[in-house]
Amino acid sequence: MTRRLDATQSGIATAASILRAGGLVAFGTETVYGLGADASQPQAVARIFEAKNRPRFNPLISHFANAQAAFTQVVPNAMAHRLAQAFWPGPLTLILPRAPGASISDLAADGLASLAVRVPANATALALLEQADRPIAAPSANRSGRISPVDAAHVLEELDGRIDAVLDSGPCTVGVESTVVDLTDPNTPTLLRPGGITLEELVAICPHISLPQTTSDVAPHSPGRMVSHYAPHLPVRLNALQAQPDEALLAFGATRPTLAPLVWNLSAAGNLEEAAARLFTGLRTLDREGQALGLRRIAVQPIPQHGLGRAIQDRLNRAAAPRPQDGTEDMAP
Ligand code: TXA
Ligand code: MG
């Protein structure tokens with residue numbers, strides 16, 4: 001049985017003690033719900049992979065209550081300090097060299113010489129991290145390859161019975177995962193994953209950030225970048241100008257007449273923040289209701305490619321990518 005804990009003092013205290021004892025607790029962040037475990041206990045980390053049904057070990061992001069705690073595990077450079085100052089707490093993950101004596105287990109880091117660290121902007125998550133008082137590894141709290149959860153009900157749809165508890169802090173406000181920036185080579189800061197901090201915001205602090213040209217550039221270092229991910233059961237058709245009668249429509253912007261019997265508008269006002277926050281719930285809803293109606297596909301209208309539009313399009317590209325066999329993890333390209 002998975003316990004549902006309220007975001008109260010006692011719920012947070014219970015969640016922290018489960019984590020300290022090596023258990024699994026899903027908790028809300030501003031981006032998506034994470035499936036948390038003590039990153040320094042290999043057995044606890046192993047349970048994350050088991051619960052998510054990941055056949056292989058991927059490096060995980062460790063979460064902290066503040067930058068000072070994060071920087072005990074890694075060796076920060078000047079740019080890391082500047083980005084942390086600008087964006088933490090917030091949807092930014094930094095990849096940095098592992099500090100000598102860091103407690104994060106090799107299993108959480110996939111044996112790499114670098115570690116991924118972040119300070120989430122969610123009051124309940126920060127209280128939990130403070131009380132747990134250790135690095136908390138947390139990938140998104142979904143079955144491997146599936147749509148990331150943005151509320152506690154989604155987590156239970158994915159993982160009920162497989163994890164100890166979910167700490168319910170309500171819906172996530174950002175709705176797409178953190179932006180991942182590799183700072184291991186201080187001369188070449190590199191964007192590994194577009195996310196909740198936009199490229200425009202990053203460039204204001206880090207003007208020379210480099211953007212890998214293709215997924216395969218970063219895939220070996222950042223396995224979460226594998227092609228098929230965020231996948232609903234129904235196939236996804238991108239850049240659809242019009243939908244067919246056998247399609248569910250994921251729309252963006254002012255509503256136009258459509259043949260689609262089922263529509264989820266990400267943002268009728270054309271607002272990308274609203275669209276990001278509604279993305280994963282929209283995919284989940286169209287998938288469930290579309291299957292119930294016997295529809296064959298999800299058609300997606302074009303998304304503007306600025307601001308959070310890049311992170312949204314990245315997730316949609318992965319949702320539309322060729323799938324591995326059912327039940328297996330993201331396929332290497
Ligand atoms: O918003 C988020 O980041 C959420 C919430 C729960 O914090 N977490 C999340 O974790 O999205 P996950 O495991 O789904 O994605 C972690 C990403 C992957 O792309 C992974 O490959 C990359 O971070 N990563 C982790 N450690 C890395 C490392 N040492 N070098 C390069 N990439 C790394
Ligand atoms: Mg994920």
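**Exercise 1. Decide whether Arg118 is buried or exposed in this predicted model, and say where in the chain Arg118 is found.**

Solution. Begin with the relative accessible area of Arg118, which is 2%. A residue counts as buried when this value is under 20%, and therefore Arg118 is buried. Next, look for the element that holds the residue: Arg118 has its place in strand β6, which covers residues 114–118. Finally, turn to the record, where an unreviewed UniProt entry lists Arg118 under the feature "binding site", together with Arg54, Asn58, His63, Ser140, Ser148, Arg193 and Tyr230.

**Exercise 2. Describe the surroundings of His63, starting from its strand and ending with its contacts.**

Solution. The first step is to place His63 in strand β4, made of residues 61–63. The second step is to use its relative accessibility of 3%, and because values under 20% count as buried, His63 is buried. The third step is to look for a polar partner, and here a polar atom of the His63 side chain lies 3.3 Å from the backbone oxygen of Ile61. The last step is to list the residues that His63 touches beyond four places away in sequence, and these are Arg118, Pro120, Leu129, Arg134, Pro135, Ile136, Ala137 and Ala138.

**Exercise 3. Which residue shares a side-chain polar contact with Thr31, and which residues further along the sequence does Thr31 touch?**

Solution. Start by locating Thr31, which sits in the loop between β2 (25–28) and β3 (33–38). With a relative accessible area of 3%, Thr31 is buried. The side chain of Thr31 is joined to that of Thr29 by a polar contact of 2.8 Å. Leaving aside residues up to four places away in sequence, Thr31 touches Pro91, Arg118, Val150, Cys172, Val174, Gly175, Val176, Glu177 and Ser178. Arg118, the residue of Exercise 1, is thus found among the contacts of Thr31, and Arg118 is also among those of His63.

**Exercise 4. Work out how helix α10 and helix α11 are arranged relative to each other.**

Solution. Two packed helices are described by the angle and the distance between their axes. For α10 (residues 272–292) and α11 (residues 309–320), the axes come within 9 Å and cross at roughly 20 degrees. Because angles under 35 degrees count as roughly parallel, α10 is roughly parallel to α11. The contact is made by Leu272, Ala275, Ala276, Leu279, Phe280 and Leu283 of α10, which meet Gly309, Ile312, Arg315 and Leu316 of α11. As for handedness, α10 passes α11 in a left-handed crossing.

Methods:
Residues are numbered from 1 along each chain as its sequence is written. Chains are lettered from A and ligands numbered from 1 in the order in which they are written. This is a predicted model: local features need pLDDT of at least 70, side-chain atom pairs count only at pLDDT 80 or more; totals for chains, interfaces and linings use all residues. Side-chain values use heavy atoms; hydrogens and water are left out. Helices (H or I, at least four residues) and strands (E, at least two) are DSSP runs, numbered from the N terminus. Buried means under 20% relative accessible area, exposed over 50%, partly exposed in between (1.4 Å probe, protein chains only). A polar contact is a pair of N or O atoms within 3.5 Å; within protein, one must be able to donate a hydrogen and the other to accept it, and residues adjacent in sequence count only if both atoms are side-chain atoms. Contact means heavy atoms within 4.5 Å. Axes are lines fitted to C-alpha atoms, for helices over the stretch in contact, and angles run from 0 to 180 degrees between N-to-C directions. Angles under 35 degrees count as roughly parallel, over 145 as roughly antiparallel, 65 to 115 as roughly perpendicular and the rest as oblique. A crossing is left-handed if the near helix is turned anticlockwise from the far one by less than a right angle, and right-handed if clockwise. UniProt positions are given in the numbering used here, feature names are shortened, and annotations may be inferred rather than shown by experiment.
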